[in-house]
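I opened the model to look at how the chains meet, then at one helix, then at the core. My entries follow in that order.

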Amino acid sequence: MSTNVVTFTIDGVEIKSAPDKTIIQAADDAGIYIPRLCYLKDLPPGGHCRVCTVKVNGRPVNSCTYPVAEGIVVENDIEELNSFRRNIIEMLFVEGNHFCPSCEVAGKCELQALAYRLGLLTPQMPYLYAQKELDATHPDVYLDRNRCVLCGRCVRASIHLDKKNVFGFENRGINMKISVNSNDGLQDTNLSKEDKAMSVCPTGCLVVKRQGYLTPVGKRLYDKKPIGSEIETKKVKS
Amino acid sequence: MSKPVIATAHFTGCFGCHMSILDIDERILDLVELVEFNKSPINDIKNFTKPVDIGIIEGGISNDENAEILMEFRKHCKILVAIGACALTGGVPSMRNLVPLKECLEEAYLNGPTVKSENTGIIPNDPDIPVLLDRVYPCHEVVKIDYFLPGCPPSADTIWNALVALLKGEPLNLDYELIKYD
């Protein structure tokens, strides 16, 4: 066998992968879905949301940053990890101000879709109702921090895909927020609605104006099929 | 054996979840065969007259009357099911939780653009009007809730399937398409 292949297992299923992949990349290629929020295929991994945490030989690690290795035993779809993931999603719901019934991104929101997939019927932790800023200064897009989950996808997409550096993080811990590269809000940045950064937001935080509610209920991305099924269909085909 | 008894209540919301209950179409004929309704806006029975098996509640808790009736429901119902975004999270009415109550009332009755002129508005204070709470609370922050059905509103199928499972004493395993937050 070629030395360019490593063999390991995820939940008992044998996976073969190139050695330079991370666990989540190898799992995606094999049609196994590991829940994730801040990870996106075309971006360098952020490693901050911890939703993609798996166990490698019994130890919890980020599957988006941990490289594959010969013979490792990976646990993914187990109740212990799924309950941690549910907790993370629940905390994100109560820390932000997510009013799904009136949100234009409901139905294609990854936070919501993860909650559905992980079986979170409703958040039961107390809501914080924190004051968050809205930036609607830009003519074509707006930034609603009420719906931000601090995944940092826009930060990475702006740097690595758009080569612009429009977004960043400000402050720490519970006070952390997305900042923009200007004192006068988004209007004074070189952000354009065609930027890749505009298409990577998992929630309704960073949205192109005048495009809301275009898809009818029942035909939206996650109305019929759970998040991750696009990855799992690969497994059925192979 | 007597029929299981159901009661329903509406708190702060739009009544859409009750509309969704009625949206079960012709299955409503099965429902009246299966169960007996006690206190509910559907039949306009105002007070509990017997112990209730399943209480279905819609809406968030925004005033003292809501809280009182919810506690009454907890006392009379063996199983309490909260349905819809408002009951589960406070929903759209809970958007006011981002603004202090005093400011909300002043904007609505004293300073808002639809108030005719300055110094003519008053904040309603009739003793018959329920007193607003500092914020809108999800039902589970006031009493213990046994089952949650999300949706705005939950579809008729969601409510029907959940109700049938509860009446049969089966676990609540709802299909993926039936669980939505909006």
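I counted two residues as in contact if their C-beta atoms, placed from the backbone, lie within 7 Å. The model is predicted, so I noted the limits: local features need pLDDT of at least 70, side-chain atom pairs count only at pLDDT 80 or more, and totals for chains, interfaces and linings use all residues. Residues are numbered from 1 along each chain as its sequence is written, with chains lettered from A and ligands numbered from 1 in the order in which they are written.

Interface. I found 19 residues of chain A and 18 residues of chain B in the contact. On the chain B side, helix α4 (residues 85-89) gives the most, with three residues. I sorted that side of chain B into 11 nonpolar, four polar and three charged residues. Nonpolar means Ala, Val, Leu, Ile, Met, Phe, Trp, Tyr, Cys and Pro; charged means Asp, Glu, Lys and Arg; the others, Gly among them, are polar. Helices here are DSSP runs (H or I, at least four residues), and strands are E runs of at least two.

Helix α6 of chain B. I checked the length of residues 156-168: the end C-alpha atoms are 18 Å apart, which agrees with the 18 Å expected for 13 residues at 1.5 Å a residue. The expected span is 1.5 Å times one less than the number of residues. Its buried residues include Trp160(B) and Leu163(B); buried means 20 or more other C-beta atoms within 10 Å of the residue's own, again placed from the backbone. The buried residues of α6(B) pack against elements of chain B including α1 (16-22) and β3 (52-58). Just after α6(B), I noted a positive phi of about 75° at Gly169(B).

Definitions and conventions: Buried ≥ 20, exposed ≤ 12 C-beta atoms within 10 Å, placed from the backbone.
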